[in-house]
Amino acid sequence: MGLLSFVSHFGTFLLLAATVLLVVSSITAPTVSNISLFTVDLGRGNEEITFGTFGWCVRGIPDRGCSSSSIGYSPTDIITAVEGTEFSDNRQNTAEALTNVMILHPIAAGISFLGFVLSLGSGMFGSLLASLVAGVAFLVTTIALICDFVWISAVRNNVNDDDSGGSPLSNAHYGAALWCVLVAALCALVASVILLVTCCSGRSKRRRTENRKSDFHAPPAHTGRRRWWSRRRH
C-alpha cells in the first residue's frame, strides 16, 4: 500500500493546487490590480488595462482607477473609452455576456477544496467521493476556461488588429491568471483519475489479501483416505 498511498497523496496535492490556482483567478482585478486574466498594454510607459473575474483596473493613469466588483461587466466599453478601439455590437454583447460566466471561477475553487477535504478522509469511500468531486471541479473549470478564451480572444484580436482609431501602440495579451485556470483544470482532471485508480486498486488489493487470509486459515480438505491407525482397528 506504500506506492498507492503516495500516489493518492499526490492526487490530494493536485486538488489543493487547483484550489489555490482558482482562488488566484478569483482575486484578480479589481481586487488585485496587477493580476489579470487579460491585459491591454497601452504602449505608454506603464499604462495598461487589466481585466479580472469581477472587474477591471486602469493602471498608470492618475485619473483612472478600478471598477467596483460585480458579476459581469463590459470590457469593450472601457477599452473604447481609454484606448479608442471600436467593437461591433455582436462582439461587444458576446464579451459582456460571457463575463457573467466568470462567477464559475470561485465556484470551481470551492468544489476543488471540497474534493481536497474529502481526499483527506481514509477509506475507499472517501477516495471515490473525492474523485467524483474532482471530476465535477474539472468540468466546471473547463466551462469557465472555454468562456474566458472565447471572449478574451475576440477582444484581443480586435484590439491588436484594429485600424479604426485605436492606439497603434496598444498590445492586448492573455494574463497570467488565465493560465492559472488552465493549469487548475489539468490538476483537477489528473487528481480525479489518480484518486479513482488508487481507489479501485486499493479495493482489488484488499480483496486479494482477504482471500489469502481465508485460504490460510481454512481447515485442510478431507481426502477420504483412512489413517493407518484407523485401519488397524479393523
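Me: In this account, two strands pair if DSSP finds at least two bridges between them. With that in hand, how do you know that S1 and S2 pair?

Reply: The model is a predicted one. In it, S1 and S2 are joined over 4 bridges in the antiparallel sense. The requirement is at least two bridges, so S1 and S2 count as paired. One of the bridges places Thr39 opposite Thr50 of S2. S1 and S2 form a hairpin with 6 residues between them, and Gly43 in the turn has a positive phi of about 75°.

Me: What makes S2 and S3 a pair?

Reply: S2 and S3 run antiparallel and are joined by 4 bridges, which satisfies the requirement of at least two. Ile49 stands opposite Val58 in S3, and Thr50 stands opposite Cys57 in S3. S2 and S3 also form a hairpin, with 4 residues between them; Gly55 in that turn has a positive phi of about 160°.

Me: Why are S3 and S4 called edge strands?

Reply: The open sheet has 4 strands in the order S3-S2-S1-S4, with antiparallel pairing. S3 and S4 (171-174) each pair on one side only, and they are the edge strands. From one strand to the next, the twist averages 15°.

Me: Which way do Glu48, Ile49, Thr50 and Phe51 point from S2?

Reply: Glu48 and Thr50 point one way, Ile49 and Phe51 point the other way, and all are buried.

Me: What makes the link between Cys57 and Cys66 a disulfide?

Reply: The sulfur atoms of Cys57 and Cys66 lie 1.9 Å apart. The cut-off is 2.5 Å, so this pair qualifies as a disulfide. The structure holds 1 disulfide. The link of Cys57 and Cys66 is right-handed, with 110° about the S-S bond.

Me: Is Cys57 buried or exposed, and why?

Reply: Cys57 has 0% relative accessibility and therefore counts as buried, the cut-off being under 20%.

Me: Why does Cys66 receive the label it has?

Reply: Cys66 has 44% relative accessibility. Buried requires under 20% and exposed over 50%, so Cys66 falls in between and counts as partly exposed.

Me: How do you know whether Cys180 and Cys187 are buried or exposed?

Reply: Cys180 has a relative accessible area of 16%, and Cys187 has 11% relative accessibility. Both values are under 20%, and therefore Cys180 and Cys187 are buried. For the chain as a whole, 43% of the 234 residues count as buried.

Me: Why are H2 and H3 called oblique to each other?

Reply: H2 and H3 pack at an angle of about 125°, with their axes 8 Å apart. Roughly parallel needs an angle under 35 degrees, roughly antiparallel one over 145, and roughly perpendicular one from 65 to 115. The angle of H2 and H3 meets none of these, so the pair is oblique. At their interface, Pro75, Thr76 and Asp77 in H2 meet Gln92, Ala95, Glu96 and Thr99 in H3.

Me: Which helix lies across S1, S2 and S3, and at what angle to S2 does it run?

Reply: H2 lies across these three strands and runs at about 175° to S2. That angle is over 145 degrees, so H2 and S2 are roughly antiparallel. H5 also packs on the sheet, touching S1, S2 and S4, and its direction makes about 160° with that of S4. By the same cut-off, H5 and S4 are therefore roughly antiparallel.

Me: Which residues have the most contacts inside the largest nonpolar core?

Reply: This core has 27 residues, and those with the most contacts inside it are Phe38, Val40, Ile49, Phe51, Ile79, Trp151 and Val155. Elements giving two or more residues to it include strand S1 (38-41), helix H2 (75-82), helix H3 (89-99) and helix H5 (124-161). H5 gives the most, with 6 residues. Leaving aside neighbours within four places in sequence, Val155 is in contact with Phe38, Thr76, Ile79, Phe87 and Ala95. A second, separate core of 24 residues includes Leu14, Ala130, Ala144 and Ala191.

Me: How many helices and strands does the protein chain have?

Reply: There are 7 helices and 4 strands. From the N terminus on, the elements run α-β-β-β-α-α-α-α-β-α-α.

Definitions and conventions:
Residues are numbered from 1 along each chain as its sequence is written. This is a predicted model: local features need pLDDT of at least 70, side-chain atom pairs count only at pLDDT 80 or more; totals for chains, interfaces and linings use all residues. Side-chain values use heavy atoms; hydrogens and water are left out. A nonpolar core is a set of buried Ala, Val, Leu, Ile, Met, Phe, Trp, Tyr and Cys residues joined through side-chain atoms within 4.5 Å. Buried means under 20% relative accessible area, exposed over 50%, partly exposed in between (1.4 Å probe, protein chains only). Contact means heavy atoms within 4.5 Å. Axes are lines fitted to C-alpha atoms, for helices over the stretch in contact, and angles run from 0 to 180 degrees between N-to-C directions.
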